[in-house]
Amino acid sequence: MKIFENKKLQEKYYLEILDNGLKVYLMPKNEFHKTYAIFSTKYGSRDIEFIPLGQKDYLKTPEGIAHFLEHKLFENEDGTDASNIFASLGADVNAFTTNYQTAYLFSTTSDVKENIELLLNFVQKPYFNKDGIERERGIIEQELLMYLDQPQNIQYYGILKALYKQNNIRNEIGGTVESIKEINEDLLYTCYNTFYHPSNMVLAIVGKFDKDEILRLIKENQSKKEFPKPTSIERKYHLEDETVNQKNSFIDMNVTSPKVSVGLKFPSEKNQPKDFLRKFTSLEILIDIYFDESSLYYEEMMNRNIINNSFEYALYYDLTYGHLLINVDSENPEIFIEKIKEIIDKIKHNDIEIKDFERFKKLYLSRAIRRFNSLEYIANSMVEADFDNLTIFDSIEVLEAITIDDVKEQRKYFNLESVATFTIFPRKEKNSQV
C-alpha cells in the first residue's frame, strides 16, 4: 500500500492497486460522520474514436454514448433500479458524465460496507436489452429537446463550436437526438468492455471508515469477478492550434436581452503532469488579476454599465483543449466584446504588479487548504489527479512554487486572433396585420 502525505496539511491517504488493475484510494477521516465514495472510469464524451478491446481498427461511436451508458447501468437485470436500493440503505446516490470521465457516487452516514458493495456490483454488472435501450432513448431524447430551449446550454456549446473545428469538446455530452438513435446493444457492450475494465477505473473513498476493513471488503468483492487481461486503450483526439473556427456567430432565441460569450482559445501542447498543472494555475492567476471582482477592470466595466451581475468567466484547460470563456447578459453586446478584446490585448502587452500576484497566490493557497474540509472535493480530486498522473497534494506544492515569471509567461497566449464570439439575440416578433 502506497501512502501520500502532506505534513503541513496534516493529511494523508492510501493507494492500493489491485491485481485486476483497479486503483483504490482511501482517506479515513473519522472526525466526520459521513462517508463519500466515487467510482469513476476514464471515459467521457470526447472518447468517441478508439480501438475496441480485442480489435485492431478504430471505431467511431455516436456522440452521447458515454452519457447513455451511464444512465443504463442503473437498470439491473431483474428490473430493479440501483438508485432505489441505495435509498433503502440510506445513501444519496448520483452519477455524472463529463468530457473525460463517467462517475458513480454516493454519500451516507450508515451501512458503508453495504453501499460500497452495491456501488461496485451495479457498475460492474451491465445489462442491456433492446426494450430497455428504447425506453432510455426516449427519456434522453426528451432531455436533449429540453436543453434546446435553454439559452445557457445553447450559449455554452455555441461558443465552443465557434472556437473549435473538430475537437470533441465542441460536441454536447448528451449527444443529439439524431446521434442517440444510432446507439444499440452491441455498441453499448463494446464501449463498456473497453472502458469499464478495472485497470481504467478509480475508486476513491473518504470519510468515516476503517481502511483495512474496507480494503478487505473491496479485495474480496473483486476476487469473485473475472475480467480480461488489462490492455492500454488507443484513443483518437483532434488536437488544435489557437486558430478559431468562426470569429463571430449568433442566433435568435426567446430571451429578454442579448446573451454574449467571448472565447479565447489556447493551443494544445504536450506537457508533463506538473508542468501542465503549473501552467493551468498560472493562467488562473493571470485571468483573475484582470477579471476578478477586485480588479480595476471589473470596477471600470461595472461603473460604465458594460457588465452587470450576470458577468462570469471560467478557464477550461485539459491536455486535449484549452479556452477561457467570458459571458454576460448585455443590451450592448458590441461594446462588451470590444472592451473584453481591449483587456485581452492589455494582458498580452502590460506588465504584472508583484502585489497583485502575491495577493492571488495567497488567496489560492488559503482556498486550496479550506477545500480539504470537503469529503466530496477530496475524493473527486483523487480521481482527477490520478487521471493526470498527479496526487491531490501536487496542486498545493505547485502553487507554493509558482513565481510571477510563471504567470507572465502565460501572456503569450492572449492573442486577439484567438478570440471568437457568440451572441444570442432576442427573437424579433413579426408585426401582425389587421
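A cavity here is a set of grid points where a 1.4 Å probe fits but cannot get out. About 30 Å³ of such space lies in the second largest cavity. I worked from a predicted model throughout.

**Entry 1: enclosed spaces**

I searched the whole structure for cavities of 30 Å³ or more and got 2. I started with the second largest. Its lining runs through Tyr43, Gly44, Ser45, Asp47 and Ile48, then Gly64, Ile65 and Ala66. I sorted those residues into 4 nonpolar, 3 polar and 1 charged.

Then I took the largest cavity, with a volume of about 40 Å³. Pro267, Ser268, Glu269, Asn271 and Phe276 line it, together with Tyr317, Asp318, Leu319 and Tyr321. The split for this lining is 5 nonpolar, 2 polar and 2 charged.

**Entry 2: the largest pocket**

Next I turned to open spaces. The largest pocket has a volume of about 1300 Å³. I noted 40 lining residues, and the closest to the pocket centre are Leu277, Phe280, Glu284, Tyr317 and Glu384. Tyr317 also lines the largest cavity.

Which elements give two or more residues to this lining? I listed α5 (151–163), α8 (273–291), β12 (312–318), α11 (354–370), α12 (375–387) and α13 (394–401). The largest share, 7 residues, comes from α8. By residue type, the lining of the largest pocket divides into 24 nonpolar, 9 polar and 7 charged.

**Entry 3: the second largest pocket**

I found a volume of about 310 Å³ for the second largest pocket. It has 16 lining residues, and those closest to its centre are Lys42, Arg46, Leu319, Phe387 and Asp388. I counted 7 nonpolar, 4 polar and 5 charged residues in this lining. Leu319 appears in my notes on the largest cavity too, as one of its lining residues.

**Entry 4: Lys279**

I stayed with α8 and picked Lys279, which sits in that helix. Is Lys279 buried or exposed? The relative accessible area is 6%, so Lys279 counts as buried. The cut-off for buried is under 20%.

I then looked up the contacts of Lys279, leaving out residues up to four places away in sequence. The partners are Glu269, Asn271, Tyr317, Gln410 and Tyr413. Among the residues lining the largest cavity are Glu269, Asn271 and Tyr317.

**Entry 5: Phe32 and Ser107**

Phe32 lies in the loop between β3 (23–28) and β4 (35–41). I read a relative accessible area of 22%, so Phe32 is partly exposed. Without counting residues up to four places away, Phe32 touches Lys208, Asn373 and Leu375. I checked Asn373 further. It is 341 residues away from Phe32 along the chain, yet their C-alpha atoms are separated by 9.6 Å.

Ser107 is in strand β8, residues 102–108. At 15% relative accessibility, Ser107 is buried. I again set aside neighbours within four places in sequence. Ser107 is then in contact with Lys34, Thr35, Tyr36, Ala91 and Asp92.

**Entry 6: backbone check**

Most residues other than glycine have a negative phi. I noted two that go the other way. Gln10 is not a glycine, but has a positive phi of about 60°. Gln10 is in the loop between β1 (2–6) and β2 (11–17). With a relative accessible area of 71%, Gln10 is exposed.

Asn305 also has a positive phi of about 60° and is not a glycine. I placed Asn305 in the loop between α9 (296–303) and β12. Asn305 counts as exposed at 64% relative accessibility.

**Entry 7: the whole chain**

I closed with the overall figures. The protein chain has 14 helices and 14 strands. Its C-alpha trace spans about 65 × 65 × 45 Å along the principal axes.

What radius of gyration would a compact globule of 434 residues have? I noted a value near 22 Å for such a globule; the protein chain has 23 Å, which agrees.

Of the 434 residues, 53% count as buried. The accessible surface comes to about 21100 Å², with 47% of that belonging to carbon and sulfur atoms. I also looked at contacts between residues at least 6 apart in sequence. Of these, 80% join residues at least 24 apart.

Methods
Residues are numbered from 1 along each chain as its sequence is written. This is a predicted model: local features need pLDDT of at least 70, side-chain atom pairs count only at pLDDT 80 or more; totals for chains, interfaces and linings use all residues. Side-chain values use heavy atoms; hydrogens and water are left out. On a 1 Å grid over the protein atoms alone, a cavity is a set of points where a 1.4 Å probe fits but cannot get out, and a pocket is an open set with protein on both sides within 12 Å along at least five of seven lines; lining residues have an atom within 4 Å of a point. Grid points are joined across faces, edges and corners, and a volume is the space filled by probe spheres set on the points. Helices (H or I, at least four residues) and strands (E, at least two) are DSSP runs, numbered from the N terminus. Ala, Val, Leu, Ile, Met, Phe, Trp, Tyr, Cys and Pro count as nonpolar, Asp, Glu, Lys and Arg as charged, and the others, Gly among them, as polar. The radius of gyration is taken over C-alpha atoms; the globule rule is 2.2 Å times the number of residues to the power 0.38. Buried means under 20% relative accessible area, exposed over 50%, partly exposed in between (1.4 Å probe, protein chains only). Contact means heavy atoms within 4.5 Å. Accessible areas come from the Shrake-Rupley method with a 1.4 Å probe; for residues, only the protein chains shown count as cover.
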